[in-house]
Amino acid sequence: MNQSLSDKGTSVLNKILYNFDIAIEAIQRNKLRALLTSLGIIFGVASVIAMLAIGTGAQQEILSQMQLLGTNNVIIQPVMEQVEGAVGEEQKEGSQRKYSPGLSLQDLYNIKDVMPEVEYISPEIIFDTNFIRNARMRSGKIVGVNDEYFEINNFVIENGNNFSEEQIKNSAPVCIIGSDVRAKFFAGQDPIGKKIKVGNLWLTVIGVLEKKDLTTENIQSLGIRNYNLDIFTPATTILIRFKNRGLVTKDDIDASAGGGMRVMILGGDNEEEEAGSDNYHQLDKLIVRVTDSKYSVSIAEVLSRMLKRRHNGVVDYEIIVPEQLLQQEQRTKRIFNLVLSSIASISLIVGGIGIMNIMLASVVERYREIGVRMAVGAQKRDIELQFLTEALTISISGGLIGIILGMAFSYAIEASAEIATVVTPVSILISFGVAVVIGVVFGYYPAKRAAQHDPVHALRHE
């Protein structure tokens, strides 16, 4: 029995190889026609691969953006007070505006105490200033944070240590520098324990961050900074030794009496005053990492109610859930790529129609050949298999050429348009599989029609 099955399998294989030889011979007799027929398949497969490569590249770019912003993060930022009411109400009640302490460290402490699903939370206070060391100077940003900031933002301290609780509590004059700051001011030496002047204050370097790879597109689209150029110090150090915008001083009161508040901006050896600014918030940002992204939206709603109560009903903050924004962008790009891939797939359908058209013509041309084969014992199934194999050979060869062309298109797009493209094995298999299915679907009808011919009439055909 096993011998019989083996013989049967060998017979089927020989039949397939025989039909394949006939298909190759028929294609070689009409090389130009076969090439023109397969063009639809070639460009269809190439287009689908290129479109899927662009889509995968966009997907990876979004994932990298999510890593930069933090997949589980909720961001709280101060904004101008949002006022609503009838026209003219603001002028009438201007002297009775509610007081808000602004976004402050106290908000951080309250969130930390009350919210159980908060894993990490860090402030961010940013001042533009100058960095000076060994007669070298460059402008940059000093950023006030806490020890959890680097965990939230997936930063790695390459050399040295993170801020200790004692340093944060005592507002110690210490800092952690970005990799580009190290390259600029500490080239060829270990910066740990050395000092750098930031504005009017000398800070001791206790750590160096690993270089963060950031593209220009990420910086622009996400509105983030180049962290490699920043110097980080405890937020308490910023508030005690630099500037606490939450404190009202005599100068501020005098300025407000004159029609505008003045906020001190740190800049080198001299502090400048900017008239007309009323930024009373201690913090420029609060970054909250939740234990699981599924809690992000609900925690954002709770945070909104909590802050509104703490700020006496004044909505002078906004809460951003980066994952929501990026997921929306991801959905938009996915739909866009689906549309592009669908348009590209039309070429495959056109290619399939071309295969059907040529195979129908081939059936007419080869009536006599069909009659001879049927006269010498070929079954209808053999005739079907012959023409189906020929259609499949055209579509498979077109698919293989299309794969090579699609990969070339992808690399060309990436090089010329600076769009990230990623060709994956899945996209190649999908495109090639569709090409094979097209060959079967559009080759079946001509094969079926060829097998239905009467061998007597076929032998008489000239």
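How much of the accessible surface of the protein chain belongs to carbon and sulfur atoms? In this predicted model, the accessible surface of the protein chain comes to about 24,700 Å², and 56% of that surface belongs to carbon and sulfur atoms.

**Figure 1. The protein chain as a whole, with its helices and strands.** The secondary structure of the chain comes to 16 helices and 12 strands. Of the 462 residues in the chain, 42% are buried. Among the contacts in the chain with a separation of 6 or more, 79% are made by residues 24 or more positions apart.

**Figure 2. The largest nonpolar core, with I111 and its contacts.** This core has 41 residues, and those with the most contacts inside it are I76, I111 and I196. When residues up to four places away in sequence are not counted, I111 touches I76, V118, I121, L286, L303 and M306. A second core, which is separate and has 24 residues, includes A34, V45, A447 and A451.

**Figure 3. The crossing of helices α14 and α15.** Two packed helices are described by the angle between their axes and the distance between the axes. Helix α14 takes in residues 380-417 and helix α15 takes in residues 425-451, and their axes come within 7 Å and cross at roughly 155 degrees. Because angles over 145 degrees count as roughly antiparallel, α14 is described as roughly antiparallel to α15. The crossing of these two helices, α14 and α15, is right-handed.

**Figure 4. Helix α9, a mostly covered helix.** Helix α9 is formed by residues 235-242, and 6 of its 8 residues are buried. The buried residues of α9 are A235, T236, T237, I238, L239 and F242.

**Figure 5. R182 in helix α7, with the residues that R182 touches.** R182 has its place in helix α7, which is formed by residues 179-185. Is R182 buried, partly exposed or exposed? With a relative accessibility of 26%, R182 counts as partly exposed, because the partly exposed class lies between buried, under 20%, and exposed, over 50%. If residues up to four places away in sequence are not counted, R182 touches E158, N159, I177, A187, Q189, P191 and V208. The view can also take in N228, which is 46 residues from R182 along the chain, while the C-alpha atoms of R182 and N228 are separated by 9.0 Å.

Key: Residues are numbered from 1 along each chain as its sequence is written. This is a predicted model: local features need pLDDT of at least 70, side-chain atom pairs count only at pLDDT 80 or more; totals for chains, interfaces and linings use all residues. Side-chain values use heavy atoms; hydrogens and water are left out. A nonpolar core is a set of buried Ala, Val, Leu, Ile, Met, Phe, Trp, Tyr and Cys residues joined through side-chain atoms within 4.5 Å. Buried means under 20% relative accessible area, exposed over 50%, partly exposed in between (1.4 Å probe, protein chains only). Contact means heavy atoms within 4.5 Å. Helices (H or I, at least four residues) and strands (E, at least two) are DSSP runs, numbered from the N terminus. Accessible areas come from the Shrake-Rupley method with a 1.4 Å probe; for residues, only the protein chains shown count as cover. Axes are lines fitted to C-alpha atoms, for helices over the stretch in contact, and angles run from 0 to 180 degrees between N-to-C directions. Angles under 35 degrees count as roughly parallel, over 145 as roughly antiparallel, 65 to 115 as roughly perpendicular and the rest as oblique. A crossing is left-handed if the near helix is turned anticlockwise from the far one by less than a right angle, and right-handed if clockwise.
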